[in-house]
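Below are a few notes on the enclosed model, set out as numbered points. They deal with enclosed space and with one sheet and its helices.

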Amino acid sequence: MNSSGNTKTADANLDTLLRIFTVPEDRNSTLTKIEEGLSKNLNEFLRNHIVTEERPLKEIEQDFLSSHIPEQPEFISDHTQHLLDKVVSQSVHTSSPGFIGHMTSALPYFLMPLSKLMTALNQNLVKIETSKVFTPLERQVLGMLHRLIYQEDDNFYLQRMHSAHHSLGAFCSGGTIANLTALWVARNNVLKAEGQFKGVEQEGLLRAMKHYGYDGLAILVSERGHYSLKKAADLLGIGQEGLISVPTDHNNKIRPDELKATLTRLKQNNIKPFAIIGVAGTTETGSVDPLDEIAEICRQEGCHFHVDAAWGGAALMSKQHQYLLKGIEKADSVTIDAHKQLYLPMGAGMVLFKDADATHVIEHHAQYILREGSKDLGCRTLEGSRSGMAFLLYACMHIISRAGYELLIDESIAKAKYFAELIRSQQDFELITQPELCILTYRYLPESVKDSIKQCPQEKRHAMNEILNELTKYIQKKQRESGKTFVSRTQLNPVELNGMDTIVFRVVLANPLTSKEILHEVLDEQRTIASQAISLINKLKALGS
């Protein structure tokens, strides 16, 4: 054994290295105790270990300054203790029932041991030779989600689900890659091979545009579209300016009349709109676009209809609420994130295609791998090597089942509606967006200025709104630092507030462990913090008088 300062190191020899691949840790080791703690009582372990120690980021960075790869190995238990002290103890407690600011949630307990099994198997879903049973398993999971959306008959899935010549979709690392894959297919289809032209995938965007005589390409989405779509527009060569933002109504849904007007304007400028995106669960407000109307516009215009249902797609599991996504079955492609309301760990997204032949336009082969005619999944995915995350979703589909997911979805929406009514009943809070799924926004609005801000002149109203924005930011930051509860914040331009830039609290109520009592505590804590912002409150009162 060697030592350097306070760090114990082991010898770097072959026997020692072989042990870490083959021999479990001692029963009394730190790593073994962690495993036992996770297995026996996950919630207790999380409470004891994964809680945020509020330190400034600059201080945390001091623990991670060295750019040298260690020359000597550390003992596993010693390094595990280091991870507990420096990483785990300062991590964000996303599974906490009071952590209601983002789209991460508590996970089913059984995913811990199953994740360990998945890691140990270390399958690579790029090819049959490195995945074997995982490939048909993933194809079945994609078939299950495809059927949830498109409701094809048994014969459709028997013929296509395991066919080497078809693909119902692709598993990927998240919504960003799923959206990009869908739009990649749409672009290649609109600029497909014709006559002597070999297609955009062969000859590139410049020659494709010249061949078809377009001055530009465009993707249309509401102004509440996810920021990842800008990345997709950039990578597909149409430029971020090719992602056209369409105005929304007072419910944060795309306006079909504005969509039609935008399409007309683009075509007059010889710009080809090749894809229209409907959002089923916007990131900021959880709103669902009028998918049925968008589908009809896409049919009339010959546009690829993609639905970004990364957040809201899981609502299809609920018989009570699936009507919210009416029209999604007409989409050419749909994105769903399993690491959101399907309760998987981070890194599990999917894109589903209505037409099982759609992905032929992005198909790639190589002699040493992904040969033509094989059932390798990697030939029609953007990512090559991928882990077997479908294994975990397969388990959830069976252990939780559709009925279980239905209960989770229904409960989350009911909880959001309860919180909305709770906010409405307060004299010093203001509901900004009514929840459609389980996301809502609101802000603290002192009772002393609640009436005056509506009645005062426009100029004074803007000044008061700016102070309220500062107050919202102050409360959100202090609440985050206290570590008891957490909500996020965003900026909206509500019609009811004359389109003023308005900073609001944003909550996501997907965690089944979040109780009504916690929701009351969130408001109580925000009220207490607000009372400490004396100077801001006094400024508001002065303007409102």
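1. The model is predicted. Its largest cavity holds about 50 Å³ of space. In total, the structure contains four cavities of 30 Å³ or more.

2. Which residues line the largest cavity? The lining is made up of Glu138, Arg139, Ser167, Gly169, Ala170, Asp376, Leu377, Arg380 and Thr381. Sorted by class, four of these residues are charged, three are polar and two are nonpolar. Helix H7 (134-150) contributes at least two residues to this lining, as does strand E3 (169-172).

3. Further along the chain numbering there is an open sheet of four antiparallel strands, in the order E10-E11-E13-E12. Strand E10 (429-433) and strand E12 (488-492) form the edges, each pairing on one side only. On average, neighbouring strands of the sheet are turned by 40 degrees against each other, with direction ignored.

4. The pairing of E12 with strand E13 (residues 502-508) is antiparallel and consists of five bridges. Within it, Arg489 has Phe505 of E13 as its bridge partner.

5. Which helices accompany these strands? Helix H19 (residues 458-482) lies across strand E11 (439-444), E12 and E13, and runs at about 35 degrees to E13. Helix H20 (residues 516-532) also packs on the sheet, where it touches E10, E11 and E13. The direction of H20 makes about 30 degrees with that of E11.

6. For inspection of the sheet, the contacts of the two helices can be read side by side: E11, E12 and E13 for H19, and E10, E11 and E13 for H20.

How values were computed
Residues numbered from 1 in each chain as written. Predicted model: local features only at pLDDT ≥ 70, side-chain atom pairs only at ≥ 80, totals over all residues. Heavy atoms only, no water. 1 Å grid on protein atoms, 1.4 Å probe; cavity = no way out; pocket = protein on both sides within 12 Å on 5 of 7 lines; lining within 4 Å. Points joined across faces, edges and corners; volume = space filled by probe spheres on them. Nonpolar A, V, L, I, M, F, W, Y, C, P; charged D, E, K, R; others polar. Pairing = 2+ DSSP bridges. Axes fitted to C-alpha atoms, helices over the stretch in contact; angles between N-to-C directions. Contact = heavy atoms within 4.5 Å.
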